Amino acid sequence: MEQINGPLQMEHALLFTFLEVSSDCNFKDQLRSLQSQQIMLCQGNDDDELQTDGNRSGHFQNGLAQTNEEVIRIIAAQLAEIGDQFDREIQERVVNGLAQHFLNENLSYEEIIQHMNRAVRELTRAIPADMEQEKAMLVLAMVLTRRIVNSVPSLLRRVITTTLNYMNQQFHNYILEMVSAQTALSQPAS
């Protein structure tokens, strides 16, 4: 379940960068350590295949391609700003309830993802209607991740892994669309 290479790569970069740039992230040192462990794990799993044109796959070489890193950083900073606004709307009981599910070792990742999805959907009802629902839900999931780990630091690995899988299941295409749109905006006009 702790797959970072391949489909979770974009989600991994976005979540870690979101947490790094968030104003209220009390576990940045532990996050960097976890991120470096996972990057080394990915590099060990990367086949670095030669393509038919003789180039390396480039899909995962020392993280994301340089241009995508900057695009992800821009997107994460924008989402973190929104997250800071949403943070005030999230009641402590929601965070504590979700933390209890993460603490319950009898629950599978899928069961916890279902609880996270319910919490995110419930919180989305309080979000202004002019915001895209997928964006609101993505930001809420990442803010909940930050809040849970801030309150129960021992859950870092479990919460991050679950959130990455949740993001992959629910928002993978949306994240790709955001990256594509931001990349297009970042390209100089011809």
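Axes here are lines fitted to C-alpha atoms, for helices over the stretch in contact, and angles run from 0 to 180 degrees between N-to-C directions. With that in hand, let's work through some exercises on this predicted model.

**Exercise 1. Work out how helix 6 and helix 7 are oriented to each other, and which residues join them.**

Step 1. Find the two helices: helix 6 covers residues 133-151, and helix 7 covers residues 156-186.

Step 2. Look at their axes, which come within 10 Å and cross at roughly 165 degrees.

Step 3. Angles over 145 degrees count as roughly antiparallel, so helix 6 is roughly antiparallel to helix 7.

Step 4. Add the handedness: the crossing of helix 6 and helix 7 is left-handed.

Step 5. Trace the contact. Helix 6 brings E134, K135, M137, L138, A141, M142, T145, I148 and V149, while helix 7 brings L156, V159, I160, T163, Y166, M167, Q170, F171, Y174, I175 and M178.

Step 6. Sort these residues by character: 15 are nonpolar, three are polar and two are charged.

**Exercise 2. Describe how helix 5 packs on helix 7.**

Step 1. The axes of helix 5 and helix 7 lie 10 Å apart, at an angle of about 70 degrees.

Step 2. The range from 65 to 115 degrees counts as roughly perpendicular, so helix 5 is roughly perpendicular to helix 7.

Step 3. The crossing of this pair, helix 5 and helix 7, is right-handed.

Step 4. On the helix 5 side you will find Y109, E110, I112, I113, M116, N117, V120 and R121; they meet R158, T161, T162, T163, N165, Y166, Q169 and Q170 of helix 7.

Step 5. The contact of helix 5 with helix 7 holds six nonpolar, seven polar and three charged residues.

**Exercise 3. Now do the same for helix 5 and helix 6.**

Step 1. Here the axes are 9 Å apart and the packing angle is about 120 degrees.

Step 2. This angle makes helix 5 oblique to helix 6.

Step 3. Helix 5 passes helix 6 in a right-handed crossing.

Step 4. From helix 5, M116, N117, A119, V120, R121, L123 and T124 take part, meeting Q133, A136, M137, L140, A141, L144 and T145 from helix 6.

Step 5. By character, the contact of helix 5 with helix 6 has nine nonpolar residues, four polar and one charged.

**Exercise 4. Find which helix gives the largest share of the lining of the second largest pocket.**

Step 1. Locate the second largest pocket, with a volume of about 150 Å³.

Step 2. List its lining: R93, V94, G97, L98, H101, H115, R118, A119 and E122.

Step 3. Match the lining to helices: helix 4 (92-103) and helix 5 (109-124) each supply at least two residues.

Step 4. The largest share, five residues, comes from helix 4.

Step 5. To finish, sort the lining residues of this pocket: three are nonpolar, three polar and three charged.

Terms used: Residues are numbered from 1 along each chain as its sequence is written. This is a predicted model: local features need pLDDT of at least 70, side-chain atom pairs count only at pLDDT 80 or more; totals for chains, interfaces and linings use all residues. Side-chain values use heavy atoms; hydrogens and water are left out. On a 1 Å grid over the protein atoms alone, a cavity is a set of points where a 1.4 Å probe fits but cannot get out, and a pocket is an open set with protein on both sides within 12 Å along at least five of seven lines; lining residues have an atom within 4 Å of a point. Grid points are joined across faces, edges and corners, and a volume is the space filled by probe spheres set on the points. Helices (H or I, at least four residues) and strands (E, at least two) are DSSP runs, numbered from the N terminus. Ala, Val, Leu, Ile, Met, Phe, Trp, Tyr, Cys and Pro count as nonpolar, Asp, Glu, Lys and Arg as charged, and the others, Gly among them, as polar. Angles under 35 degrees count as roughly parallel, over 145 as roughly antiparallel, 65 to 115 as roughly perpendicular and the rest as oblique. A crossing is left-handed if the near helix is turned anticlockwise from the far one by less than a right angle, and right-handed if clockwise. Contact means heavy atoms within 4.5 Å.
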